[in-house]
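User: Please explain how the labels applied to this model follow from their definitions. Each answer should set the value against the cut-off and then conclude.

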Amino acid sequence: MFDELEQVTSTGVERVRAAATLEELRSVEQELLGKKSPLAAFNQRLGALPTEERKEAGRRVNEARTVVQNAIAERRRSLAADERRQRLQAERLDLTEVIPAPGRGHLHLTTQTRDELEDVFIGMGYQVAEGPEAEDDWHNFEALNMPPAHPARSMWDTFYLDLGEPETVLLRTHTSPVQVRVMQSQAPPIYIVAPGRVYRYETPDPRHLAVFHQIEGLVVDKGISFADLAGTIETFTNAYFGPGTHSRLRPSYFPFTEPSAEFEVTCIFCHGDGCRVCSQTGWIELGGCGMVHPNVLKAGGIDPEEWTGFAFGFGIDRLAQIRHQVDDERDFLVNDIRFLSQF
Ligand code: PHE
């Protein structure tokens with residue numbers, strides 16, 4: 001019987017060690033230690049033995065059971081460790097992995113253009129300012145010398161927001177409200193540019209978007225004259241478009257500047273000779289500018305007897321469109337990789 005017991009024990013231990021998974025080990029355990037196992041059968045056979053032999057035999061059967069149990073516990077530990085290792089390996093994420101194709105992305109053409117413009121003005125000693133896109137009527141119109149119902153308000157088709165009293169909060173129609181915010185928050189001398197997104201209630205077409213970008217400039221200092229404005233625009237034109245390009249001003253009207261002007265730059269394609277892009281004029285119109293109206297200085301808390309200033313504003317997307325000869329400005333918004341990857 002003892003030989004038989006030894007045999008059962010050693011094959012049992014072998015089977016335990018051969019179990020390849022925790023699942024398999026569980027069924028081997030059932031077979032080796034369960035009610036129908038050979039070891040259980042030995043226990044039943046003990047009853048038939050004489051008393052003095054039964055004690056020794058009982059001890060040996062218990063010993064055999066312990067050996068098998070220990071083997072199972074050991075195998076279970078090692079299988080569990082293996083399975084854990086495999087799971088960690090499978091779930092591992094390599095956060096440093098480089099995915100080659102389809103190539104790195106890059107900044108949108110509008111953002112690149114804005115960055116370049118900021119660089120040019122920072123080089124001229126300006127600082128960059130920002131204002132909110134959801135603006136109040138006062139900053140967008142009233143403080144810019146357009147009281148309620150002023151006819152010039154119709155120059156900007158406006159999206160109003162459903163907030164507070166009707167027509168008190170809107171999506172800013174230009175970056176000019178940032179002029180007022182800057183004047184309110186800092187004392188002159190002021191030299192800032194304010195780039196940002198603006199909104200117009202318009203049907204998009206190849207030269208107009210309902211959501212586009214402008215960059216505003218504002219200078220307030222002692223003794224600033226129209227000549228400073230003209231000189232600044234000329235300097236900017238040369239720095240941005242390169243030497244040999246020039247600017248010119250033509251009389252215009254804005255309620256917040258007096259006198260006001262449109263500024264034009266030499267056509268960068270024909271250099272003034274006349275071509276399709278500039279409608280044979282040799283000039284491309286970029287934006288508006290003028291001397292800051294005394295009422296606007298007052299709205300900003302600045303004494304117009306002591307300080308004077310100029311302001312200008314133009315479209316960033318429009319500038320990029322001209323420079324890269326983009327036929328349809330709506331392409332800027334479509335997110336078509338074939339368009340975006342060209343710039
Ligand atoms: N805000 C004007 C526009 O949107 C442009 C402008 C800015 C004109 C500053 C004069 C001075 O058309």
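**Ligand shell, backbone and exposure**

Analyst: S9 supplies three residues to the shell around the ligand, the largest share. The model is a predicted one, in which local features need pLDDT of at least 70 and side-chain atom pairs count only at pLDDT 80 or more, while totals for chains, interfaces and linings use all residues. Residues are numbered from 1 along each chain as its sequence is written, and side-chain values use heavy atoms, with hydrogens and water left out.

User: What makes a residue part of the set that surrounds the ligand, and how many are there?

Analyst: A residue is near the ligand if one of its heavy atoms lies within 4 Å of the ligand. In this model 15 residues surround the ligand, and the closest are His-174, Ser-176, Arg-200, Gln-214 and Glu-216. By class, the shell holds six nonpolar, seven polar and two charged residues. Here Ala, Val, Leu, Ile, Met, Phe, Trp, Tyr, Cys and Pro count as nonpolar, Asp, Glu, Lys and Arg as charged, and the others, Gly among them, as polar.

User: How do you know that Ser-176 makes a polar contact with the ligand?

Analyst: A polar contact is a pair of N or O atoms within 3.5 Å. An N or O atom in the side chain of Ser-176 is 2.9 Å from a nitrogen atom of the ligand, so this pair satisfies the limit. Oxygen atoms of the ligand take part as well: a polar side-chain atom of Arg-200 lies at 3.1 Å from one, and a polar side-chain atom of Trp-156 lies at 3.4 Å from one. Of the 330 Å² of accessible area that the ligand has on its own, the protein covers 92%; such areas come from the Shrake-Rupley method with a 1.4 Å probe.

User: Where does the ligand sit, and which elements give two or more residues to its shell?

Analyst: The ligand sits in the largest pocket. A pocket is found on a 1 Å grid over the protein atoms alone, as an open set of points where a 1.4 Å probe fits, with protein on both sides within 12 Å along at least five of seven lines. A molecule sits there if more than half of its atoms lie within 2 Å of the grid points. Strand S5 (211-221), strand S8 (283-292) and strand S9 (308-315) each give two or more residues to the shell. Strands are DSSP runs of E with at least two residues, and helices are runs of H or I with at least four, numbered from the N terminus.

User: Why is Phe-121 called buried?

Analyst: Buried means under 20% relative accessible area, exposed over 50%, and partly exposed in between (1.4 Å probe, protein chains only). Phe-121 has a relative accessible area of 0%, and therefore counts as buried. This residue is in helix H5 (residues 109-123).

User: Why does Asn-62 count as partly exposed?

Analyst: Asn-62 has 47% relative accessibility and therefore counts as partly exposed. Asn-62 belongs to helix H4 (residues 51-91). Its C-alpha atom is separated by 103 Å from that of Val-292, 230 residues apart along the chain.

User: Why do Ala-187 and Ser-154 count as exposed?

Analyst: Ala-187 is at 60% relative accessibility, so it counts as exposed; Ser-154, at 57%, is exposed too. Ala-187 is in the loop between helix H7 (177-185) and strand S4 (190-199), and Ser-154 is in the loop between H6 and S3.

User: What makes the phi of Asn-145 notable?

Analyst: Most residues other than glycine have a negative phi, and most peptide bonds are trans. Asn-145 is not a glycine, yet its phi is positive, about 70 degrees. At 18% relative accessibility Asn-145 counts as buried. Ser-279 also has a positive phi, near 50 degrees, but Ser-279 is exposed at 55%.

User: Which peptide bonds are cis?

Analyst: The bond from Pro-188 to Pro-189 is cis, with omega near 5 degrees, and Pro-189 lies in the loop between H7 and S4. The bond joining Glu-258 and Pro-259 is cis as well, with omega about -5 degrees; Pro-259 is in strand S7 (residues 257-266).

Definitions and conventions. Polar contact = N/O pair within 3.5 Å; in protein donor to acceptor, adjacent residues only side chain to side chain. 1 Å grid on protein atoms, 1.4 Å probe; cavity = no way out; pocket = protein on both sides within 12 Å on 5 of 7 lines; lining within 4 Å.
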